[in-house]
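Biologist: I would like to learn how to read a helix and its salt bridges in a model. Could we go through one case together?

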Amino acid sequence: LRQWGEQKLLEGYGAPSTVQHGAAPSGAYTFLARTNAGVIQKAINSPGKKLHFVGKGGLENYRVERILDVHRLYAHSGGEIRDSEIRKLKSFDRVVAYAEQINDPELKAIIKLVQNEDLALPQRLAELSLRSGPAEEAELVLTTLHRSKGLEWDTVELGECFDWDEFAKARSAGKADEYREELNLLYVGATRARKELNINTLAYHLNGLA
């Protein structure tokens, strides 16, 4: 809110709550990612945990087929490319160049996920399905900032959204407005927690805690 010159800041008057950075959430919690691929990466990086993916369709609702299409190009594994946008690009290198050209956060996150997990990605995705179940049984609930609108959880962890240094440079150059949508999403995520909020590096810097 301060980024846009707001003087009246929100102050909660509910039950006792905490905001922290750098510490693992206690007990079951919800993770909010900027992108679908960020949701998938967090789930992969949380081995053994019982998972719940928010929304109808569960895991499949997080564009898994599109991720696999990019992986098919990366691994030269063949098979039909179902996503029309990815199919037109024809190679992984072109996907990378295209993501940079249009500055697409989701596609960039997919590329990073594919490169991180390498040839094991299809197996990792299949394993996530086996660990997925209802929310009341989950140790880790996952969704995106977009999908979190209107929802609340006791404990929330915010995934990284965008690079703080790049934003600081843009703000110094009077171009902070280019990040308005991203900061609004961060605001949405930060207001989803009822009891415990684990902020990301960006929120840490924005609140002058660094």
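Biologist: Which residue follows helix 4, and what is the sign of its phi?

Modeller: This is a predicted model, in which local features need pLDDT of at least 70 and side-chain atom pairs count only at pLDDT 80 or more, while totals for chains, interfaces and linings use all residues. Residues are numbered from 1 along each chain as its sequence is written, and side-chain values use heavy atoms, with hydrogens and water left out. Helices (H or I, at least four residues) and strands (E, at least two) are DSSP runs, numbered from the N terminus. Here helix 4 is followed by Asn103, whose phi is positive, near 50°.

Biologist: Which residues of helix 4 are buried, and which are exposed on the other side?

Modeller: Buried means under 20% relative accessible area, exposed over 50%, and partly exposed in between, with a 1.4 Å probe and protein chains only. In helix 4, which spans residues 92-102, the buried residues are Phe92, Val95 and Ala99. Seen down the helix axis, these buried residues fall within an arc of 50°, so they line one face of helix 4; the arc is that of the directions from the axis to the C-beta atoms. On the other side of the helix, Asp93, Glu100 and Gln101 are exposed.

Biologist: What covers the buried residues of helix 4?

Modeller: Contact means heavy atoms within 4.5 Å, and the cover includes helix 2 (64-75), helix 3 (84-89) and helix 5 (105-117).

Biologist: How many salt bridges does a search of the whole structure find?

Modeller: A salt bridge is a side-chain nitrogen of Lys or Arg within 4 Å of a carboxyl oxygen of Asp or Glu, and the search finds 14 of them. One of these joins Lys42 to Glu157, with the closest N and O atoms 3.1 Å apart. That pair links distant parts of the chain, since Lys42 is in helix 1 (residues 36-44) and Glu157 in strand 5 (residues 153-158), 115 residues apart.

Biologist: Are Lys42 and Glu157 buried or exposed?

Modeller: Lys42 counts as buried because its relative accessibility is 19%, and Glu157 likewise counts as buried, at 15%.

Biologist: Which residue forms a salt bridge with Glu100?

Modeller: The partner of Glu100 is Lys108, the closest N and O atoms being 3.8 Å apart. Glu100 is exposed, with a relative accessible area of 51%, whereas Lys108, at 29%, counts as partly exposed.
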